[in-house]
Amino acid sequence: MATTDRPRPAGGSHATPAATRPAVSTVSAHGAVAYVWAVARLFLGWIFLWAFLDKLFGLGHETPSAKSWLDGGNPTKGFLSGAKGPFEGFYHNIAGDPWANWLFMLGLAGIGAALILGIGIRIAAAAGVVLVVMMWAAVLPPENNVFMDDHLVYAVVLIGLALVSAGDTLGLGRWWGSTQLVRTYPILK
């Protein structure tokens with residue numbers, strides 16, 4: 001079935017020359033791409049937000065209720081105490097420090113909320129890249145690969161989210177970008 005109502009070229013060729021072939025609608029392609037990035041933003045935002053909620057309340061998935069932050073648990077102690085590789089000493093030294101717990105938890109909450117809402121994507125992406133690369137560096141080499149793991153994939157996706165203004169679709173990014181604060185300080189977009 002032909003995709004256009006145009007006559008086929010003479011000479012027995014069944015292919016429509018590229019110059020006369022209709023291009024994929026750039027509007028619909030752009031829209032599809034925007035929705036894919038928006039869904040990626042929402043999914044990644046939920047990963048950060050869920051980690052925060054689970055550690056804060058001890059929802060039982062990774063953090064038992066008895067080890068919740070609200071119940072006196074320590075969100076960085078377990079993971080950073082198990083650090084290995086070239087940065088092991090650094091991570092062991094900060095494991096469980098109150099400032100590390102606060103930065104980690106605020107980072108998870110802030111990055112997750114920004115990604116879910118679609119606002120402050122640039123700052124959230126930068127903070128997220130720092131956080132996930134630090135988590136990657138705490139377990140070098142990764143268990144299942146020489147160097148690659150999901151933390152680095154998340155870092156690349158976060159960079160992509162910032163580059164394509166992923167908060168504008170299925171989020172509050174357009175509104176946020178129109179505020180005086182963001183017009184004055186575009187880094188906050």
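A cavity is a set of grid points where a 1.4 Å probe fits but cannot get out. In general terms, rolling a probe the size of a water molecule over the atoms shows where empty space is left. In the present structure, which is a predicted model, 1 cavity of 30 Å³ or more is found, and the volume of the largest cavity comes to about 40 Å³.

The chain that encloses this space is built from 8 helices and 0 strands, so that, by the definition of these elements as DSSP runs numbered from the N terminus, the order of elements reads α-α-α-α-α-α-α-α. Of the 189 residues of the protein chain, 35% count as buried, while the surface that the chain exposes amounts to about 11500 Å², with carbon and sulfur atoms supplying 69% of it. When contacts between residues at least 6 apart in sequence are considered, 58% of them join residues at least 24 apart.

The lining of the largest cavity is made up of Gly118, Ile121, Ser165, Ala166, Gly167, Asp168, Gly173 and Lys189. Sorted by class, this lining has 2 nonpolar, 4 polar and 2 charged residues, where the glycines fall in the polar group because Gly is counted as polar in this scheme. Two of the lining residues, Gly118 and Ser165, can be followed in further detail, beginning with the helix that precedes the glycine.

Helix 4, which covers residues 98-117, has 20 residues and reaches 28 Å from its first C-alpha to its last, close to the 28 Å expected at 1.5 Å a residue. The buried residues of helix 4 include Phe104, Met105, Leu108, Ile111 and Leu115, and Asn101 is also among them. Just after helix 4, glycine 118 takes a positive phi of about 80 degrees, and this glycine lies in the loop that leads from helix 4 to helix 5 (121-137). Glycine 118 counts as buried because its relative accessibility is 2%, and the cut-off for a buried residue is under 20%. Leaving aside neighbours within four places in sequence, glycine 118 is in contact with Arg41, Gly167, Gly171, Leu172 and Gly173; of these partners, Gly167 and Gly173 also appear in the lining of the largest cavity.

Serine 165 is 47 residues away from glycine 118 along the chain, yet the C-alpha atoms of the two are separated by 8.6 Å. This serine is found in the loop between helix 6 and helix 7 (173-178), and at 25% relative accessibility serine 165 counts as partly exposed.

Some backbone angles in the model also deserve attention, since most residues other than glycine have a negative phi, and most peptide bonds are trans. Serine 165 has a positive phi of about 50 degrees although it is not a glycine. Leucine 170, likewise a residue other than glycine, has a positive phi near 55 degrees, and it too lies in the loop between helix 6 and helix 7. With a relative accessibility of 48%, leucine 170 counts as partly exposed, because the class of exposed residues begins over 50%. A cis peptide bond, with omega of about -15 degrees, joins leucine 140 and proline 141, and proline 141 is placed in the loop between helix 5 and helix 6 (150-163).

Technical notes: Residues are numbered from 1 along each chain as its sequence is written. This is a predicted model: local features need pLDDT of at least 70, side-chain atom pairs count only at pLDDT 80 or more; totals for chains, interfaces and linings use all residues. Side-chain values use heavy atoms; hydrogens and water are left out. On a 1 Å grid over the protein atoms alone, a cavity is a set of points where a 1.4 Å probe fits but cannot get out, and a pocket is an open set with protein on both sides within 12 Å along at least five of seven lines; lining residues have an atom within 4 Å of a point. Grid points are joined across faces, edges and corners, and a volume is the space filled by probe spheres set on the points. Helices (H or I, at least four residues) and strands (E, at least two) are DSSP runs, numbered from the N terminus. The expected span of a helix is 1.5 Å times one less than its number of residues. Buried means under 20% relative accessible area, exposed over 50%, partly exposed in between (1.4 Å probe, protein chains only). Contact means heavy atoms within 4.5 Å. Accessible areas come from the Shrake-Rupley method with a 1.4 Å probe; for residues, only the protein chains shown count as cover.
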